Amino acid sequence: MRTTVGIIGGGPAGLLLARLLHRAGIDCVVLESRSREYVEHRQRAGMLEQGTVDALHEAGAGERLDAEGLVHHGIELRFDRERHRVDFPSLTGGRTVTIYAQTEIVKDLVALQLAEGPPLLFGAEALAVEKPESASPVVRFRHEGRERTLTCDWVAGCDGFHGISRDVLPAGAGRSYARSYPYAWLGVLAEVAPSCEELIYARSERGFALHSMRSPSVSRLYLQVPEGTDVRDWPDDRIWDELAARFAVDGDWTLQRGPVTAKSVTPMRAFVHEPMRHGRLLLAGDAAHIVPPTGAKGLNLAVSDVRVLARGLEELHRTGDSRILDHYSELCLRRVWQAVRFSDDMTRMLHTRADEDAFDHRTQLARLRRITGSRDAAAELAANYTGLPLPL
Ligand code: FAD
Ligand code: DHB
């Protein structure tokens, strides 16, 4: 097989890139190792910056997002049994965020792709990228029990944190930066109306908790748990009791309980590989960088990388100008590091650690009080949360 852009990975990054390239008249093939059923039901992100919503519109995937996405104008910070609201529009000149599940984005993009092309192969596992420095790199992959090759002009490595694209880079071609956190998130999906209108980020002595949602009848909740936690140690009643304890406030507020339909534990880490390009292999999204989930930046970063990558390929295709592709890595990495910094700040401010002392607790609370007590500090959080300016 031959194509202009070989895309490894059919997560949000790979699928969105394929749509944007298709609209620009550039042919591509997407290789996804898992099944359609699997990628459409993998529970993950839910909070979209305006730039992400705009990119999905640009890709022709805005219809259901507009109809079903929940536009949010702020978040609540909870600590010391108090409630504090951060209002986005008044702090950012009108910005908002949209709650729409990653599962639904993937379903919308897959449906478009299967209806309009270009090819999207499920069960197609990339094994290696050969000759990334040459003008015709080759992706070797396994599909329907056979080994095959895809010869490309460019390869987009959109295969997530555990993919193979990053491993193709020769040792010495760049550097990675990593941080792991000594806790994880237990995420649950529950068939119950959310107990709040906006997301709640709660810091309590018992640890962090987050109340999010997927629709007016489905809640998404997260609990900080020790790293290595086994979900089997968390029966539903224990989860609800712990959530209720961490969200407890002085005054009236009740956490509504309901049937839990999914549970999983996610480790928390930050990782960045620099540069994001080697020859004609370009990394995008989680393949190049991950952030701890506090602040919801991962999917949004994947989308901002893909916008730059699609513009770069489009510019080259239309005018022969390769400047965006030549600077792809620098263009993306500035914003990536801002998101890493923000996610790290939010994570440290809201989680508790076994090795903390009273001094750490006091400075954590002082940070939260600064945000809730100063318009400038709140505006800084709001600007980061709703999304810093895009690279292009
Ligand atoms: P992925 O979604 O990982 O997609 C990569 C794809 O490549 C997968 O489909 C995989 O099957 C495929 N693949 C892997 N290896 C191969 C191979 N060898 N050959 C072919 N295909 C391969 N982000 C936000 O912005 N907002 C949030 O609210 C948010 N919440 C989160 C909550 C949780 C609990 C978690 C875990 C993450 C959250 N994130 C959030 C992060 C977000 O989900 C990721 O950043 C996002 O999925 C990245 O998209 P991607 O396409 O780069 O990678
Ligand atoms: C969600 C996840 C996050 O990490 C976050 O900060 C906000 C929302 C979510 O899955 O809805």
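Pro 118 sits in the loop between α6 (102-116) and β8 (120-121), and the peptide bond that leads into Pro 118 from Gly 117 is cis, with omega near 0°. That is a handy place to start a tour of this predicted model. From there we can visit two domains, the shells around ligand 1 and ligand 2, and a pair of crossing helices, α3 and α9.

**Backbone features to look for**

- A second cis peptide bond to find on screen runs from Glu 274 to Pro 275, with omega near -10°.
- Pro 275 belongs to the loop between β17 and β18 (277-278).
- Arg 81 is not a glycine, yet its phi is positive, at about 60°.
- To find Arg 81, look in the loop between β5 (74-79) and β6 (82-87).
- As background, most peptide bonds are trans, and most residues other than glycine have a negative phi.

**The two domains**

- The domain assignment divides the chain into domain 1 (5-70 + 99-178 + 268-350) and domain 2 (181-267 + 354-386).
- Taken over C-alpha atoms, the centres of domain 1 and domain 2 are 29 Å apart.
- Where the two meet, domain 1 brings 15 residues to the contact and domain 2 brings 23 residues.
- On the side of domain 1 that touches domain 2, the elements giving two or more residues are β17 (260-274) and α11 (328-350).
- Of these, α11 has the largest share, with four residues.
- By class, this side of domain 1 holds eight nonpolar, five polar and two charged residues.

**Around ligand 1**

- Ligand 1 is surrounded by 36 residues, and the closest are Gly 9, Gly 11, Gly 160, Gly 285 and Gly 298.
- At least two residues of this shell come from each of α1 (12-23), β9 (124-130), β13 (175-190) and α9.
- Helix α9 gives the most to the shell around ligand 1, supplying four residues.
- The shell around ligand 1 is made up of 15 nonpolar, 14 polar and seven charged residues.
- Domain 1 and domain 2 each contribute at least three residues to the shell around ligand 1.

**Around ligand 2**

- Turning to ligand 2, the residues that surround it are Ala 45, Gly 46, Met 47, Leu 199, Leu 210, Ser 212, Arg 220, Pro 293, Thr 294, Gly 295 and Ala 296.
- Sorted by class, they come to six nonpolar, four polar and one charged.
- The shell around ligand 2 also takes at least three residues from each of domain 1 and domain 2.

**Where α3 meets α9**

- Helix α9 (residues 298-319), which you met in the shell around ligand 1, also packs with helix α3 (residues 50-58): their axes come within 9 Å and cross at roughly 50°.
- How are α3 and α9 oriented to each other? They are oblique, because the crossing angle is roughly 50°.
- The crossing in which α3 passes α9 is left-handed.
- From α3, the contact uses Gly 51, Thr 52 and Ala 55, while α9 answers with Leu 299, Asn 300, Val 303, Ser 304 and Arg 307.
- Three nonpolar, four polar and one charged residues make up this contact of α3 with α9.

Note on methods
Residues numbered from 1 in each chain as written. Chains lettered and ligands numbered in written order. Predicted model: local features only at pLDDT ≥ 70, side-chain atom pairs only at ≥ 80, totals over all residues. Axes fitted to C-alpha atoms, helices over the stretch in contact; angles between N-to-C directions. Parallel < 35°, antiparallel > 145°, perpendicular 65-115°, else oblique. Left-handed = near helix turned anticlockwise from the far one by under 90°. Contact = placed C-beta atoms within 7 Å. Nonpolar A, V, L, I, M, F, W, Y, C, P; charged D, E, K, R; others polar. Near = placed C-beta within 6 Å. Domains from an automatic or database assignment.
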